[in-house]
Amino acid sequence: MSEQPRRPRKPGKPYRRPQKDPVRILAFEALRAVDERDAYANLVLPPLLRKAREKEGPEKFDARDAALATELVYGTLRRQGTYDAIIADCVDRPLREVDPPVLDVLSLGVHQLLGTRIPSHAAVSASVELARVVLGDGRAKFVNAVLRKVARDDLDGWLERVAPPYDEDPEDHLAVVHSHPRWVVSALWDSLGGGRTGIEELLAADNERPEVTLVARPGRATPDELLGEEAAVPGRWSPYAVRLSEGGEPGAVEAVREGRAGVQDEGSQLVALALANAPLDGPDRRWLDGCAGPGGKAALLGALAAERGAFLLASEKQPHRAGLVARALDGNPGPYQVIAADGTRPAWRPGSFDRVLVDVPCTGLGALRRRPEARWRRRPEDLDGFAPLQRGLLRSALEAVRVGGVVAYATCSPHLAETRAVVADVLKQHPGTELLDARPLLPGVPDLGEGPDVQLWPHLHGTDAMYLALVRRTS
């Protein structure tokens, strides 16, 4: 058989290989891990960046590359709800029918267009090149078409188009404008109270990058030592806190590497300090952290206990998290013990402790600045799952403390179902208790409300939205 003549190529542009952009490829990989594995960006991104810094050649990251990758990942996750509404207005199908990897590339592109100073033509071009690398030429054309539509207006213009008017539906308007699920907006508003200004400031604060805050563990490091680091400034409220301004790297701080200091939000520091300074009737020799993982509060409590010659027992149910607690407490100057035990099934005798902390598992709605993807994963029904555990841990804590001792109930959520409702329900069943006014134990901290419990807020205090109730056992 004779060979058929080869068809002539159609005239047109010659094929061009897609240009690989290591920064945007890394950002895409991080978003895929968050979506596919339910991973958290703050756990996925650091090893990816570390690997990129260790590479040689053009793919090796410098500080600017790392900063851009971090902004692309966190910015995209924080504004996901807003960007989904905009993308939905630009495609001819429901978003659920858009392949998740395509949606990730689109979201990265929309963030560059509407949430950064990257010029529009560069944002579209870079996103299309990323799509060619990770999705193929066919779907890159779809990405190009959608992003060109998005580029026709700025963020304010898009919000006017896709967000319902505030007067018609306040919660849905805030949900779209500030990129929070509607149920979260409603829950935060109920807890915060007040009018439109406060809730808008809170939701906006949730979308800001939080500062990195260090804690100088007493007896092991001093704030002055940490303030000697580049980009370090004093904390606002905790005497042991030091903040790193943008670009500060905790891993570069010697005291952090040695475990003498740690990364800890100032709200968490205030919870531990309030318990340590609460007035007691009687001795002050034995302390318990009943939900100690991953160990930040336990390390601060252990250092404070050591200054008084007190013993700390740190208990954590999950063995691997108990290992993290042991690592955080390693080198503590005073006596302590770490055990893997269920706080609702105590491994200690009733009335054994003078001070008890239970920082209970929760929805994490108070830390949305640090874990922006959590807002999209949580559902209202999650509250029902946490409720029995939270009540059980508080009941066990009240049984573990002696008469005259103090229990701190804390949680990184401002949701009323995880805070005041839990405390009120449990105290009804324990008449021999009284709530202490926690506000004087946070000296200098403003806007603490009517008490006796305390709710911290990102927009008012620059901290995670930690909740604290202090309970004294009276009989």
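These are my notebook entries on a predicted model of one protein chain.

**Entry 1: the whole chain**

I started with the overall picture. The protein chain has 475 residues, and 52% of them count as buried. I looked up the secondary structure next and got 20 helices and 12 strands.

Then I checked the dimensions. Along the principal axes, the C-alpha atoms fill a box of roughly 100 × 55 × 50 Å. A compact globule with 475 residues would have a radius of gyration near 23 Å, and the chain has 26 Å, which agrees.

I also looked up the accessible surface, which comes to about 22400 Å². Carbon and sulfur atoms hold 49% of that surface. As for contacts with a separation of 6 or more, 72% are between residues 24 or more positions apart.

**Entry 2: the annotated binding site**

Which residues does the UniProt annotation "binding site" cover? The record, an unreviewed entry, lists C291, A292, G293, P294, G295, G296, K297, E316, D342 and D359. I picked two of these to look at, A292 and E316.

A292 sits in the loop between β5 (286–289) and α15 (296–307). Is A292 buried or exposed? Its relative accessible area is 3%, so I noted A292 as buried, the cut-off being under 20%. Not counting residues up to four places away in sequence, A292 touches A298, A314, S315, E316 and V325.

E316 is on that list, so I went there next. E316 belongs to strand β6, which covers residues 311–316. E316 counts as buried too, at 8% relative accessibility. Beyond its neighbours within four places in sequence, E316 is in contact with C291, A292, G293, R321, A322, V325, I339, A340 and A341. C291, A292 and G293 are also covered by the "binding site" annotation in the record.

How far is the backbone nitrogen of G293 from a polar atom of the E316 side chain? I got 2.8 Å.

**Entry 3: V338 on the next strand**

I moved on to strand β7 (residues 336–340), where V338 is found. V338 has a relative accessible area of 24%, so I put it down as partly exposed. Its contacts, with neighbours within four places left aside, are A314, A322, V325, A326 and L329. A322 and V325 had already turned up among the contacts of E316.

I also compared V338 with S315. The two are 23 residues apart in sequence, and their C-alpha atoms are 5.9 Å apart in space.

**Entry 4: the annotated active site**

Which residue does the UniProt annotation "active site" cover? The unreviewed entry gives C412. I found C412 in the loop between β9 (401–411) and α19 (420–429). C412 counts as buried, at 17% relative accessibility.

I then listed what C412 is in contact with, leaving aside neighbours within four places in sequence: D359, C362, G364, L365, G366, A367, D464, A465 and M466. One of these, D359, is also in the record's "binding site" annotation.

**Entry 5: T433**

My last lookup was T433, in strand β10 (residues 433–436). T433 is buried, with a relative accessible area of 17%. Not counting residues up to four places away in sequence, T433 touches L398, L427, V471, R472, R473 and T474.

Notes:
Residues numbered from 1 in each chain as written. Predicted model: local features only at pLDDT ≥ 70, side-chain atom pairs only at ≥ 80, totals over all residues. Heavy atoms only, no water. Helix = DSSP H or I, 4+ residues; strand = E, 2+ residues; numbered from the N terminus. Buried < 20%, exposed > 50% of the residue type's maximum accessible area, 1.4 Å probe, protein only. Contact = heavy atoms within 4.5 Å. UniProt positions renumbered as here; feature names shortened; annotations may be inferred. Polar contact = N/O pair within 3.5 Å; in protein donor to acceptor, adjacent residues only side chain to side chain. Rg over C-alpha atoms; globule rule 2.2 N^0.38 Å. Areas by Shrake-Rupley, 256 points an atom, 1.4 Å probe, with all protein chains shown as cover.
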